[in-house]
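Open the model in your viewer and keep the selection tool at hand. The stops below say what to select and what is there.

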Amino acid sequence: MRWLTSKLASASPKKPLPAGFDYTASRVLIVRPNHRLGNQILISPIIAELIKAMPHCKIDLLLQGNLGPILYEHVTQTDNFITLPRKPFKELGRYFKTIWNLRKNEYDFAINAVQSSSSGRLYTVLANARYKIIGQENDPAILNTTTDSRHIAKYQLYTMRNYFEQLQIPVETGKATPLTIFLTEQEKENGKRILDSL
């Protein structure tokens with residue numbers, strides 16, 4: 001499956017942005033079909049940089065399990081959480097319904113959030129999106145211009161930057177944006193109180 005989906009890789013846009021297109025208000029799909037908490041936090045740098053580049057965007061997250069709405073509830077740009085069942089062969093009806101709904105939505109960008117994920121590549125290809133950032137493994141354009149792109153969260157972030165630069169969309173430069181869990185000020189203050197009490 002990994003070998004087959006590797007043929008789906010896209011490193012460059014196939015067409016320029018349409019004239020007059022307001023990329024700052026794009027509809028974006030981020031694909032990370034994994035239920036583990038850590039893996040869902042790994043997409044946070046992509047979300048953070050998307051918001052900087054496209055402050056008025058609407059982001060849908062294709063995830064597995066139910067952690068996404070908790071992790072990203074304070075990100076006002078998140079619009080829909082598309083959740084895949086953790087065991088698709090036991091819930092085939094829900095699984096195919098999710099794929100059907102994915103095809104119905106229209107996106108400006110669909111982003112595969114981890115380059116080694118076969119299912120992530122496949123869902124990104126299936127998405128109804130104008131531009132699909134799938135990425136490719138061991139891309140020289142990424143590996144030769146960065147020093148930390150071996151990190152699973154950073155490689156696809158640099159892939160996204162590279163893709164946007166080709167579309168002349170301004171992006172962050174330098175080191176990757178760190179992982180975050182988008183805490184509110186109230187949550188930070190509450191955490192500090194708990195820490196101080198210990």
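## Stop 1: the aromatic cluster

Select Phe109: its relative accessibility is 0%, and since the cut-off for buried is under 20%, Phe109 counts as buried. Bear in mind throughout that this is a predicted model.

A search of the whole structure finds 4 aromatic pairs. In one of them, Phe109 and Tyr131 are stacked, with 5.4 Å from centre to centre and 20° between the planes. The two residues come from distant parts of the chain, Phe109 from strand β4 and Tyr131 from strand β5 (residues 129-133), 22 residues apart.

Keep Tyr131 selected; at 1% relative accessibility it counts as buried. Now add Tyr163. The ring centres of Tyr131 and Tyr163 are 6.5 Å apart and the planes stand at 75°, so this pair is edge-to-face. Because Tyr131 lies in strand β5 and Tyr163 in helix α8, the pair ties together parts that are 32 residues apart in sequence. Tyr163 has a relative accessibility of 3% and counts as buried.

Which residues do ring pairs link into a cluster? Select Phe109, Tyr131, Tyr163 and Phe164 to show them together.

## Stop 2: Asp108 and its surroundings

Select Asp108, which is in strand β4. Is Asp108 buried or exposed? With a relative accessible area of 13%, Asp108 is buried.

Show polar contacts next. The side chain of Asp108 reaches the backbone nitrogen of Arg27 at 2.8 Å. Then show what surrounds Asp108: leaving aside neighbours within four places in sequence, Asp108 is in contact with Phe21, Ser26, Arg27, Ala129, Arg130 and Tyr131. Tyr131 was also part of the ring cluster at the previous stop.

Two of these contacts of Asp108, Phe21 and Arg130, deserve a selection of their own. The charged end of Arg130 sits over the ring of Phe21, at 5.2 Å from the ring centre.

## Stop 3: helix α3

Select residues 44-53, which make up helix α3. Of its 10 residues, 9 are buried, so the helix is largely enclosed by the rest of the structure. The buried residues are Ser44, Pro45, Ile46, Ile47, Ala48, Glu49, Leu50, Ile51 and Ala53.

What do the buried residues of α3 pack against? Select these elements in turn to see them:

- strand β1 (27-32)
- helix α2 (37-41)
- strand β2 (58-64)
- strand β4 (107-112)
- helix α8 (152-166)

Strand β4 is also where Asp108 is placed.

Now narrow the selection to Glu49, which lies in helix α3. At 4% relative accessibility, Glu49 counts as buried. Not counting residues up to four places away in sequence, Glu49 touches Leu157, Met160, Arg161, Glu172, Ala176 and Thr177. To check one of them by distance, pick the C-alpha atoms of Glu49 and Leu157: they are separated by 8.4 Å, although the residues are 108 apart along the chain.

## Stop 4: the loop before α8

Select Thr146, found in the loop between α7 (140-143) and α8. Thr146 counts as buried, at 17% relative accessibility.

Where does the side chain of Thr146 reach? One partner is the backbone oxygen of Ile142, at 2.8 Å. Another is the side chain of Ser149, joined to that of Thr146 by a polar contact of 2.7 Å.

## Stop 5: the whole chain

Clear the selection and zoom out. The protein chain has 9 helices and 5 strands. Colour by secondary structure and follow the elements from the N terminus on: they run α-β-α-α-β-α-β-α-β-α-β-α-α-α. The radius of gyration is 17 Å, close to the 16 Å that the globule rule gives for 198 residues, so the chain is as compact as a globular protein of that length.

Along its principal axes, the C-alpha trace spans about 55 × 45 × 35 Å. Among the 198 residues, 46% count as buried. Turn on the surface: the accessible area comes to about 10,700 Å², and 55% of it belongs to carbon and sulfur atoms.

Last, consider contacts between residues with a separation of 6 or more: residues 24 or more positions apart account for 61% of them. The contact list of Glu49, which includes Leu157, can be reselected here; that residue is 108 residues from Glu49 along the chain.

Technical notes
Residues numbered from 1 in each chain as written. Predicted model: local features only at pLDDT ≥ 70, side-chain atom pairs only at ≥ 80, totals over all residues. Heavy atoms only, no water. Buried < 20%, exposed > 50% of the residue type's maximum accessible area, 1.4 Å probe, protein only. Helix = DSSP H or I, 4+ residues; strand = E, 2+ residues; numbered from the N terminus. Contact = heavy atoms within 4.5 Å. Phe/Tyr/Trp six-rings, centres within 6.5 Å; stacked < 30°, edge-to-face > 60°. Lys NZ or Arg CZ within 6 Å of the ring centre and 35° of its normal. Polar contact = N/O pair within 3.5 Å; in protein donor to acceptor, adjacent residues only side chain to side chain. Rg over C-alpha atoms; globule rule 2.2 N^0.38 Å. Areas by Shrake-Rupley, 256 points an atom, 1.4 Å probe, with all protein chains shown as cover.
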